[in-house]
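Me: I'd like to go through this model with you and ask how some of its labels are earned. Could you set each value against its cut-off for me?

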Amino acid sequence: MTEQREISAEIVAIHDAAQVGEPQPRLDFPPYRSSLLRHPTKRPRPVDPEGAELVAPVFGHSDVDPLEADLTIQSGGEPIGERILVRGRVLDGDGRPVRRQLVEIWQANAAGRYVHQRDRHPAPVDPHFTGLGRCLTDDDGGYAFTTIKPGAYPWRNHRNAWRPAHIHFSLFGTDFTQRLITQMYFPGDPLFPLDPIYQSITDPAARERLVAGYDHDLSEPEWLLGYRWDIVLTGGHATYLEPEDHDD
């Protein structure tokens, strides 16, 4: 409890010194140690957006298979963990649906382990779960993923540091230069007060927009639990942009 109070006090102290109410995270948030090494230190430079479009990916129905949105059937067996459905809409700042938007997700498995070589967490790798999925939004801006609820995992930012359960989302907006990478969290996670990435957003309302809501109407009897989470790409209620270290 002493350690927990010390971490919470450090985060609160930084909040008190920060500009309260900022909807986007601070790029140099001291409790999130690696942000001090990675945050931009030079002024941004203009680039030619048309030049970026020349090398931007082009996706269509023939490129994204609907089966890619179900992460529980990709590897020839049943993955271990709590099966969930995550459904929502992608909207612009005026509440209009963003159609045919490529939505990609990646996440840890139920034990809090990613399937990549950099992950050294001594938790089991699930041979039937890749943690990767993608889909295209429909005419109403809707998306849906069937997956396994990820577990918390250690990330060595400070002593006894654990990330809350989360799913990473990537969206490209209307063109390649508008890419948004963000995280979706689950309601009631006890690690929220101790997580510097979540707490780097000083506006409590903006933080809450990262937390999915449990939706009992989406849940299926004896099969899965449902969560609903909308993503807003622009405007005053835009979903926050994830820090640079996307593996955290």
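Me: What makes strand 7 and strand 8 a pair?
Reply: Happy to help, and keep in mind that this is a predicted model. Two strands pair if DSSP finds at least two bridges between them. Strand 7 (residues 166-171) and strand 8 have 6 bridges, in the antiparallel sense, so they count as paired. One of the bridge partnerships joins His 166 to Tyr 185 in strand 8.

Me: Why is strand 8 called an edge strand?
Reply: Strand 8 (180-185) pairs on one side only, as does strand 3 (132-136). They belong to an open sheet of 4 strands with the order 3-2-7-8 and antiparallel pairing. On average, neighbouring strands of this sheet are turned by 25 degrees against each other, direction ignored.

Me: Why is the pair of Tyr 143 and Phe 145 called tilted?
Reply: Planes under 30 degrees apart count as stacked and over 60 as edge-to-face, with the rest tilted. The planes of Tyr 143 and Phe 145 stand at 50 degrees, so the pair is tilted. Their ring centres are 5.9 Å apart, and rings pair if their centres lie within 6.5 Å. Both residues are buried, and ring pairs link them with Phe 169 and Trp 229 into a cluster.

Me: How do you know that the charged end of Arg 163 sits over the ring of Trp 155?
Reply: For Arg, CZ must be within 6 Å of the ring centre and within 35 degrees of the ring normal. The charged end of Arg 163 is 5.8 Å from the centre of the Trp 155 ring and sits over that ring. Likewise, Arg 83 lies over the face of Trp 223, at 3.6 Å from the ring centre.

Conventions. Residues numbered from 1 in each chain as written. Predicted model: local features only at pLDDT ≥ 70, side-chain atom pairs only at ≥ 80, totals over all residues. Heavy atoms only, no water. Helix = DSSP H or I, 4+ residues; strand = E, 2+ residues; numbered from the N terminus. Axes fitted to C-alpha atoms, helices over the stretch in contact; angles between N-to-C directions. Phe/Tyr/Trp six-rings, centres within 6.5 Å; stacked < 30°, edge-to-face > 60°. Buried < 20%, exposed > 50% of the residue type's maximum accessible area, 1.4 Å probe, protein only.
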